[in-house]
Amino acid sequence: MASKALPKDKIPQAVSILKKQYKVIGATPKGKNFVFKEIEDPNEVTLDYNTTILPLKKFFLPPREVIVEFNLQSKEYRGEDIKVEPKVFFGIHNYELQAVFRLDFAFKNGVSDETYLKKREKNVFIGVSYIPDDFHFSESVGIPTDLKEGFDIFLTRYDSHYRVEAMTEKGREIENAWEELLVPCDYEGDPVVHFKNKLKQSVAGIREIFHGAYNHPIWKETARKCYSCGTCNLVCPTCYCFDVSDEVILGTDKGVRARRWDSCQALVFTKVAGGDVFREKRYDRVRHRMSRKFAYIMDEKDRPFCVGCGRCVRQCTADINIVDVMNALL
Amino acid sequence: MRNDYIPYPARIVSARDETYDTKTFRLKFTEPSVAEDFNFKQGQFLEVSLLGRGEAPISICSSPLEREYFELNIRSVGSLTGAICRLKEGDILYVRGPYGNSFPFKEVKGRDLVFIAGGIGLAPLRGLIQMVLKNKKDFGNVSILYGAKSPEDLCFRDELEQWSEVEGTSVYQTVDRASDGWNGRVGLVTELYEAAGIEEGAGEMSNTTAFLCGPPVMIRFAARKLKACGFKPGNIYVTLERYMKCGIGKCGHCNIGGVFVCVDGPVFSWEHVEGFTEDF
Amino acid sequence: MSKPKVAFFDFTSCEGCQLSKLNLEDDLLDILELVDIVNFREAISDRGEDYEIAFIEGSLSTPHCIERIHKIRRQAKILVALGACAHIGGINAIRNKMDQDEVRETVYGKDKYLFPSIKAQAVSDVVKVDYYVPGCPMDNQEFKKVLSALLTGKIPEIPEYSVCVECKAKENECLYDYGIACMGPITRAGCGAACPSNGHYCYGCRGLVPDLNKNAAKDVMEKYKLSMSQIKKRFYMFNTNYVNMEEKEYE
C-alpha cells in the first residue's frame with residue numbers, strides 16, 4: 001500500500017472522527033505556552049508546538065489523586081473505582097511517549113501499582129514529528145526525532161501535509177476511518193533535524209560518571225542558584241515521587257488517603273518521624289535529582305529516566321540547565 | 001486486580017507498656033483467610049494505619065515462627081504513633097505488607113552472632129533473636145549489646161533477662177544517662193564491645209556475624225568499629241530507617257543512592273552500604 | 001463528649017481573617033455543631049473567658065498586646081495563629097524597617113505620646129504558637145483542615161514546600177515567562193497558588209519556605225531587572241521580620 005498523507009487543513013476533521021470513539025487528548029495553546037487537555041472543539045488542537053507545561057503523566061498520575069477511601073463509621077478502607085475510557089493521545093512527541101514508558105516501568109516493576117496501571121489501559125498514541133527548540137536534548141538521551149517506538153500511528157510533517165504511518169492494528173483502524181481525508185503521499189524518509197542542546201557524551205555509560213562525582217563542585221555551584229522550588233520535579237515527565245496523606249472531611253465520617261506529586265528538592269522530602277532530615281544540604285538534593293535521572297533508576301533496557309524534553313530547563317526561573325550540569329561532569 | 005494500598009484490619013490481642021512512650025502490640029488479622037496468607041520474614045516491615053490518622057512504616061518485632069500473631073513495637077513520636085499508643089486490647093489497627101527484604105537466618109547457622117541495638121532499634125532485631133534462641137543448638141555464641149538514652153528507655157526488659165539465661169547467650173546493656181537505681185554501665189553501645197570479646201587487634205572475626213539497628217549515627221560508629229575489630233563488611237548487617245510512604249518502591253522517599261530501603265532493604269550488608277553512592 | 005470551647009481574638013489586623021471565616025457559610029453550621037464558640041467579636045457579643053482552643057488574629061504591636069497574649073496563652077490549651085499578621089507579622093511589620101518615632105509621628109501627629117507602640121511582631125515572637133493557618137487573608141479551606149485535625153486529635157500540618165509546587169500542579173503559565181517577578185518559588189504553599197492562578201504574582205503572604213536561598217532569589221530578581229529597592233519591596237511586604245536584604249548571605 002502506497003503511503004498516505006493527511007493535509008494540515010483536515011486535522012480538525014481527523015479529530016472529529018476520533019472523537020466518535022474516543023476521548024481525544026492533544027496540545028492546545030495557553031497564553032504563550034501549550035497544555036495537553038481533552039479536546040472539546042476539534043479546531044483547538046495543534047500539532048505545532050514545542051512542548052507543553054506539564055507532560056502526559058498528569059493523565060495517569062494526577063497531581064493529586066485518591067488512592068484509598070475510608071469511613072470512620074463503617075471502619076473500612078476501600079479502593080476507588082477507576083473508570084477507564086478509551087483515549088487517543090493525538091499529536092504526541094516521541095520523547096513524551098518514551099517518558100510514559102519509563103513511568104510504566106516504574107509502576108510495574110516489583111509490586112504493580114494498579115491505581116496507575118489501570119489508567120494506562122485503552123490508550124492509543126498518535127505521534128507527530130517536531131522541530132527541537134533551544135531546550136530539547138532528546139537525541140543525547142537516545143531519542144532521535146525519528147524514533148517511533150510505541151506509537152499506533154506516526155505523523156511526519158512535510159510542507160502542508162503529515163505522512164500517516166499506521167504501526168499497529170489500532171492504528172490501521174484509525175487510518176481506515178480517516179480514509180476520505182487522506183491523499184497520496186509523495187514524501188519518503190524522515191527529516192534530518194539537529195539539536196542545539198546536547199550532552200557532550202552519549203547516554204551509554206553515563207551512569208558510571210556518577211561514581212566519581214559525589215564531591216564534584218558542580219553540585220554546590222548549582223545549589224547556589226537553586227531555590228529548591230520543585231518546579232523541575234513537577235514538570236518532569238519521568239518524576240513520579242509522591243507524598244501520601246489522610247484527610248477527614250470536616251463534619252463527616254468520610255475520609256480519603258490521597259497522593260500528591262512531591263519534590264525531592266524540598267527540604268521536607270526526607271524528613272522522618274522524630275524530625276531527622278536525611279538530605280539537609282541543598283547540594284545533596286541537587287545531586288540526588290540528577291542521580292535519579294541518570295544513574296539510580298534505569299528501565300528494563302537500561303535507559304535513563306530523562307527523555308530530554310527540556311521542560312526543567314525551560315521552566316526553571318533560576319536558569320539551571322540540566323545539560324550544562326551534566327556536561328560539567330562529562 | 002487488587003489495590004495494594006488497601007490495608008487489612010487486625011485486632012489488638014494485647015498491648016504491653018515497654019517504656020513511658022513505647023508499647024508492644026500483639027495483633028491478629030480479623031479475617032482468618034488474611035491471617036492464613038500472612039507470611040513474613042525476620043526484618044520485614046508493615047505499613048500501619050489508624051483510621052483517619054495516616055500511615056507509617058513499622059517493623060515487625062516478633063518471630064516469623066509464631067503463626068498465631070505478630071507484634072509491633074511502637075514509640076509515640078507523632079500524631080499517628082501517639083494515637084496508636086493510646087489504643088487498647090480489642091481495638092483495631094490496619095496493616096498492609098509485609099514489605100522489604102529480611103535478615104539472613106539459615107545462612108548464618110553455625111556462626112557466632114552479635115546483635116547491637118540502640119533504643120527501639122532492638123525491635124526489628126527481636127524476631128531474629130527469638131528465632132535464633134529457639135534454635136540455639138544450630139548457632140554458636142550469641143551476644144546481645146543494647147544501649148538506650150536512659151534506663152527508662154530500655155525496651156523488652158523481661159526478655160533481655162530471659163535471653164541472658166539461654167546457654168551460650170550473653171546480654172550487655174548500657175545507657176547514656178544513668179538514673180537512680182541503675183547499677184549497670186553508662187556509655188555508648190560500642191563501649192560494650194570489649195566485654196563481648198570484640199577487640200581491635202584480636203584478629204579476624206571470620207566466624208561472627210553482626211546485626212545492627214539504631215539511629216544513623218550509632219549505626220555508623222558501631223559498624224566502623226566492628227570493621228576495625230576484624231569484622232568483614234559482608235558479615236555486618238544493618239537495618240535502615242526512612243519514611244517509606246508506599247512500601248513498594250514507588251513514592252521515592254526512601255531512595256538512598258541507587259537503592260530503595262523499602263524493597264532493596266531495610267536490611268543491608270555493610271559492604272553494600274559502603275558501596276552506596278550517597279551517605280545514608 | 002462535650003464540644004471543645006473555642007475563642008477568637010483579634011490583635012493588630014484588618015480583621016479580614018475573621019470576616020473570611022464568616023464566609024464559610026454552609027460549613028460554618030457544621031463547625032458550630034462541633035465546637036462552642038465563646039468569643040468572636042465579629043459574630044457574637046457574648047464573651048466568655050473559658051476556652052480550650054484560642055485562634056489569634058493580628059500582630060502584636062503595643063505593650064497592651066503583649067500583656068493580652070500572655071493571658072490568652074495561659075488559658076488556652078491550644079493556640080493557633082490565624083493569618084499573615086499573627087503568623088509572620090504581616091503587612092504591619094513593614095514599618096519595622098522604618099524609624100519608629102517617625103512612624104508614630106506620621107500616624108498620630110502631636111498625639112503620638114498617647115499611643116505607645118512597639119515593632120509589629122508575630123505571635124510566635126512572644127508566646128509559643130502550636131499551629132498556624134497562614135495567608136492574607138487566611139485560606140478557609142486550610143482553616144477547615146486545621147480545625148478538623150484539631151478536633152480529631154491529629155497534628156495539623158501545613159505544607160513545607162513552595163507555592164511553585166501547587167502552581168505547576170495547576171499548570172499555570174509561569175509569571176516569569178511574562179517577566180513578572182513572583183515570590184512563588186520562595187513562599188510556603190498551601191493557598192493552591194491563589195494569586196498566580198488569577199494572573200497576579202505571589203506576594204509571599206504565607207511566609208518564606210523553611211530553607212530560603214536568598215542568593216537564588218536575588219539572582220533571579222536581578223535577572224528580571226528589578227532594582228534592589230523593588231526587590232526589597234517584594235520581600236518586605238509580608239516578610240520584613242524574616243529577611244534582611246541589607247546583608248549578604250551565602251550558602
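Exposed here means over 50% relative accessible area, and buried means under 20%. The model is predicted.

**Figure 1. The two sides of helix H5 in chain C, residues 100-108.** The face turned away from the buried side of H5(C) carries the exposed residues C:Glu102 and C:Thr106. C:Gln100, C:Val103 and C:Arg104 are the buried residues of this helix. They sit on the same side of H5(C) because they cover an arc of only 95° around the axis. The start of H5(C) shows a contact between side chain and backbone: a side-chain oxygen of C:Asp99 comes to within 3.2 Å of the backbone nitrogen of C:Asp101. At the other end, C:Gly109 follows the helix, with a positive phi near 60°.

**Figure 2. Helix H5 of chain A, residues 169-177, and the elements it packs against.** Three residues of this helix, A:Gly171, A:Ile174 and A:Glu175, are buried. Seen down the axis of H5(A), they fall within an arc of 100°, so they line one face of the helix. A:Glu169 and A:Asn176 are exposed on the other side of H5(A). The packing partners of the buried residues belong to chain A. Helix H1 (11-21) is one of them. The others are strands E1 (4-7), E7 (123-128), E8 (153-158) and E9 (161-166).

**Figure 3. The surroundings of C:Arg234 in helix H10 of chain C.** H10 spans residues 228-239. C:Arg234 has 17% relative accessibility and therefore counts as buried. Its side chain has a polar atom 3.1 Å from the backbone oxygen of C:Ala181. A polar contact of 3.3 Å also joins the side chains of C:Arg234 and C:Tyr201. Neighbours within four places in sequence aside, the residues in contact with C:Arg234 are C:Ala181, C:Met183, C:Tyr201, C:Tyr203, C:Met221 and C:Leu226.

**Figure 4. C:Leu32 in helix H2 of chain C.** The helix covers residues 26-34. C:Leu32 counts as partly exposed because its relative accessibility is 38%, between the cut-offs of 20% and 50%. Apart from neighbours within four places in sequence, C:Leu32 is in contact with C:Lys3 and C:Ile37. C:Lys3 and C:Leu32 are 29 residues apart in sequence. In space, their C-alpha atoms are 9.4 Å apart.

**Figure 5. The interface of chain A and chain B.** Here 43 residues of chain A are in contact with 36 residues of chain B. About 3400 Å² is buried between the two chains. Carbon and sulfur atoms give 57% of that area. On the side of chain A, A:Tyr77, A:Phe278 and A:Tyr296 lose the most area to chain B. Together they account for 21% of what that side buries.

**Figure 6. Polar contacts and salt bridges between chain A and chain B.** The rule finds two salt bridges across this interface. One of the salt bridges pairs A:Asp243 with B:Lys245, with the closest N and O atoms 2.4 Å apart. Residue pairs in polar contact number 19, counting those with both residues at pLDDT 80 or more. Several elements of chain A give two or more residues to the side that touches chain B. Among them are strands E4 (64-71), E5 (76-79), E11 (242-248) and E12 (254-261). Helices H3 (94-108), H4 (114-117) and H9 (282-296) are also among these elements. E11(A) gives the most, with five residues. By residue class, the side of chain A that touches chain B divides into 20 nonpolar, seven polar and 16 charged residues.

**Figure 7. The contact of chain B and chain C.** Four residues of chain B and four residues of chain C take part. The area buried between the two chains is about 320 Å². Carbon and sulfur atoms give 47% of this area. B:Gly52, B:Arg53 and B:Ser79 supply 92% of the area that chain B buries against chain C, more than any other three residues. The rule finds zero salt bridges across the interface of chain B and chain C. One residue pair is in polar contact, with both residues at pLDDT 80 or more. The side of chain B that touches chain C has no nonpolar, three polar and one charged residue.

Notes: Residues numbered from 1 in each chain as written. Chains lettered and ligands numbered in written order. Predicted model: local features only at pLDDT ≥ 70, side-chain atom pairs only at ≥ 80, totals over all residues. Heavy atoms only, no water. Buried < 20%, exposed > 50% of the residue type's maximum accessible area, 1.4 Å probe, protein only. Helix = DSSP H or I, 4+ residues; strand = E, 2+ residues; numbered from the N terminus. Arc of directions from axis to C-beta. Polar contact = N/O pair within 3.5 Å; in protein donor to acceptor, adjacent residues only side chain to side chain. Contact = heavy atoms within 4.5 Å. Buried area = accessible area lost by both parts, 1.4 Å probe. Salt bridge = Lys/Arg side-chain N within 4 Å of Asp/Glu carboxyl O. Nonpolar A, V, L, I, M, F, W, Y, C, P; charged D, E, K, R; others polar.
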